[in-house]
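Biologist: Before I accept any labels on this chain, I would like to hear what each one rests on. Please take them one at a time.

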Amino acid sequence: MAIIETVFAMMMIVNGSMDGFMKTDGLAHCLKVKRESERNLSDNRVNVIRYECGQVKAELRPDFEGNLKIYKIIEEK
């Protein structure tokens with residue numbers, strides 16, 4: 001059962017391409033998770049990794065615990 005909804009997401013961009021994303025509970029939560037993720041990046045990594053917060057239109061599907069997760073981003077706002 002897929003749901004289409006506009007949500008806040010943190011997106012991980014690796015070498016200029018979107019590599020991952022996660023649904024967050026609003027902009028403030030997204031920025032907090034982004035700061036924590038940036039702090040945990042290793043200094044000697046080979047890839048260029050950056051994180052971005054934004055509102056996206058996404059297809060959401062429940063995980064095995066019933067929590068809605070982003071399955072696919074349809075459109076960035």
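Biologist: Which residues of H1 are buried?

Modeller: This is a predicted model, and in it Cys30, Val33 and Ser37 of H1 are buried. The label means that each has under 20% relative accessible area.

Biologist: Why do you say that the buried residues of H1 line one face?

Modeller: Seen down the helix axis, the buried residues of H1 fall within an arc of 70°, so they line one face. On the other side of H1, Ala28 and Arg39 are exposed.

Biologist: What covers the buried residues of H1?

Modeller: The cover includes strands S1 (3–14), S2 (17–24) and S3 (49–62). H1 lies across S1, S2 and S3, and runs at about 130° to S3.

Biologist: How do you know that the length of H1 agrees with what is expected?

Modeller: H1 has 13 residues, 27–39, and at 1.5 Å a residue these should span 18 Å. The span is 1.5 Å times one less than the number of residues. The end C-alpha atoms of H1 are 18 Å apart, which agrees.

Biologist: In what order do the strands of the sheet stand?

Modeller: The order is S2-S1-S3-S4, in an open sheet of four strands with antiparallel pairing.

Biologist: What makes S2 and S4 edge strands?

Modeller: S2 and S4 (68–76) each have a single partner strand, so one side of each is left without a neighbour in the sheet. From one strand to the next, the twist averages 50°.

Biologist: What makes S1 and S2 a pair?

Modeller: Pairing needs at least two bridges between the strands, and S1 and S2, running antiparallel, are joined by seven. So the pair meets the definition. One of the partnerships is that of Val14 with Ser17 in S2.

Biologist: How many bridges support the pairing of S3 with S4?

Modeller: Seven, again in the antiparallel sense. Glu59 stands opposite Lys72 in S4. S3 and S4 form a hairpin with five residues between them, and Gly66 in the turn has a positive phi of about 95°.

Biologist: Why is Ile4 called partly exposed?

Modeller: Partly exposed covers values between the buried limit of 20% and the exposed limit of 50%. Ile4 has 47% relative accessibility, so it counts as partly exposed. Ile4 is found in S1. Neighbours within four places in sequence aside, Ile4 is in contact with Lys57, Ala58, Glu59 and Ile74.

Biologist: Which residues make up the largest nonpolar core?

Modeller: Val7, Ala9, Met11, Ile13, Val56, Ala58, Leu60, Ile70 and Ile73, nine residues in all.

Biologist: What makes that set a core?

Modeller: A core consists of buried residues of listed nonpolar kinds, joined through side-chain atoms within 4.5 Å. S1, S3 and S4 each give two or more residues to the largest core, and S1 gives the largest share, four residues. Apart from this core lies another, of five residues, among them Cys30, Val33, Leu41 and Tyr51.

Biologist: What is Val7 in contact with, leaving aside its neighbours within four places in sequence?

Modeller: Its partners are Lys23, Gly54, Gln55, Val56, Ala58, Leu60 and Ile70.

Biologist: And for the chain, in what order do the elements run?

Modeller: From the N terminus on, they run β-β-α-β-β, with one helix and four strands. Of the 77 residues in the chain, 27% are buried.

How values were computed:
Residues numbered from 1 in each chain as written. Predicted model: local features only at pLDDT ≥ 70, side-chain atom pairs only at ≥ 80, totals over all residues. Heavy atoms only, no water. Buried < 20%, exposed > 50% of the residue type's maximum accessible area, 1.4 Å probe, protein only. Arc of directions from axis to C-beta. Contact = heavy atoms within 4.5 Å. Axes fitted to C-alpha atoms, helices over the stretch in contact; angles between N-to-C directions.
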